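Colleague: Got a minute to walk me through this one? I'd like to poke at the sheet, the pockets and the aromatic rings.

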Amino acid sequence: MHEKLRGLSRVFIGAAAATFLAAGAAQAAKAPPKQLELYAIDCGRLPVPDADGFADDGSYKGVSRTMVVPCYLIRHPKGDLVWDTGTPASKDKLLAGLAALDLTPADIEFISISHSHFDHIGNAGLFSASTWIVDPDEKTYAFRPQARTAAAQFAAYSALEASKARLVEGPSLDVFGDRTVVVHQMPGHTPGHTILELKLKGAGTVLLTGDLWHLAESRAGKKVPRFNTDRAQTLKSYEATEALAARTNARVVREHVPEDFDSLPKFPAALK
């Protein structure tokens, strides 16, 4: 009888210890990091049978590609920022990624998107309680009458309309006041398209460039998609981004390019 009780005690103590350790690990994951961290969550892939639309000179006609759809979590000692939220179909992937770090949308202080196309704003409505960092022209574009008619896509982010907004009204916005996370206006693809500059302690400067360039060769070739809202603005944004990258010796991440995404640490590891 005593042996049985001792065995039960060992099981109980072992289970309690495991629960305690798991709770401690979860709390550690949820705690603010000591330095800036970038997490790249794979929110899906988009097959493109004909990439003709991604260059207005016809150079991609008949070219097929598969584009990655990334979601990014930026963790800063002063708060968390989700940058780009994938397509509406990416919801489970994004939530699972946050859950792996013991986070939920309610824990995220800031939500921002490079622009309001469906594969970047697709789950932004999950973060309607967060502060939305947005270019004012992009906010107007996201809620224009034409956007509202795409019912399923609009429903995925419509809750942002009532969210607290922090507007990117100058050429850039320093999110945390220490120049480690900076949103830059780079219009042309859409009226208020933006890119994100990150200054990581170990990895240096990283630029998440949204839809400036969709295909790997678009950057060198300065290809302008047929559906961009302003060609001249696009070319100016190319120049400005290249100048920023040269000035900061930045690692440039073309967001839809699989090799750029795959070069980042595999989630749940972080770039620091």
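What follows is a short back-and-forth on those topics, and keep in mind that this is a predicted model.

Colleague: Let's start with the open sheet of 5 strands: which strands stand at its edges?

Modeller: The order across the sheet is E7-E8-E9-E10-E11, with mixed pairing. An edge strand has a single partner, so one of its sides is left without a neighbour in the sheet. That description fits E7 (172-174) and E11 (251-253).

Colleague: And in E8, what is the bridge partner of Ser172?

Modeller: E7 and E8 (residues 181-185) run antiparallel to each other and share 3 bridges. For Ser172, the partner in E8 is His184.

Colleague: On to the pockets: which helix gives the most to the lining of the largest pocket?

Modeller: That pocket holds about 370 Å³ of space, and 21 residues line it, with Ser116, His117, Phe118, Asp119 and Gln153 closest to the centre. H3 (118-121), H4 (136-142), H5 (145-148) and H6 (151-155) each supply at least two lining residues. The top contributor, with 3 residues, is H3.

Colleague: For the second largest pocket, how many lining residues are charged?

Modeller: This pocket comes in at about 200 Å³, and E1 (37-48), H2 (91-100) and H9 (258-262) each put at least two residues into its lining. Among the lining residues are Asp42, Arg45, Lys93, Asp262 and Lys266. Asp, Lys and Arg count as charged. The full split is 6 nonpolar, 1 polar and, for the charged ones, 5.

Colleague: Now the rings: how many residues apart are Phe54 and Phe227?

Modeller: The two form an edge-to-face pair, 5.6 Å centre to centre with 75° between the planes. Phe54 is buried at 11% relative accessible area, while Phe227 is partly exposed at 39%. Phe54 sits in the loop between E1 and E2 (65-76), and Phe227 in the loop between H7 (218-221) and H8 (231-248). Along the chain, their separation is 173 residues.

Colleague: What about the rings of Trp213 and Tyr238: is that pair stacked or edge-to-face?

Modeller: Both residues are buried, Trp213 at 1% and Tyr238 at 3%. Their ring centres are 5.6 Å apart. Planes under 30 degrees apart count as stacked. Here the planes are at 25°, so the pair is stacked.

Colleague: Last one: which residues do ring pairs link into a cluster?

Modeller: A search of the whole structure turns up 8 aromatic pairs. The cluster linked by ring pairs is made of Trp132, Phe143, Phe154 and Tyr157.

Methods: Residues are numbered from 1 along each chain as its sequence is written. This is a predicted model: local features need pLDDT of at least 70, side-chain atom pairs count only at pLDDT 80 or more; totals for chains, interfaces and linings use all residues. Side-chain values use heavy atoms; hydrogens and water are left out. Two strands pair if DSSP finds at least two bridges between them. Helices (H or I, at least four residues) and strands (E, at least two) are DSSP runs, numbered from the N terminus. On a 1 Å grid over the protein atoms alone, a cavity is a set of points where a 1.4 Å probe fits but cannot get out, and a pocket is an open set with protein on both sides within 12 Å along at least five of seven lines; lining residues have an atom within 4 Å of a point. Grid points are joined across faces, edges and corners, and a volume is the space filled by probe spheres set on the points. Rings of Phe, Tyr and Trp (its six-membered ring) pair if their centres lie within 6.5 Å; planes under 30 degrees apart count as stacked, over 60 as edge-to-face and the rest as tilted. Buried means under 20% relative accessible area, exposed over 50%, partly exposed in between (1.4 Å probe, protein chains only).
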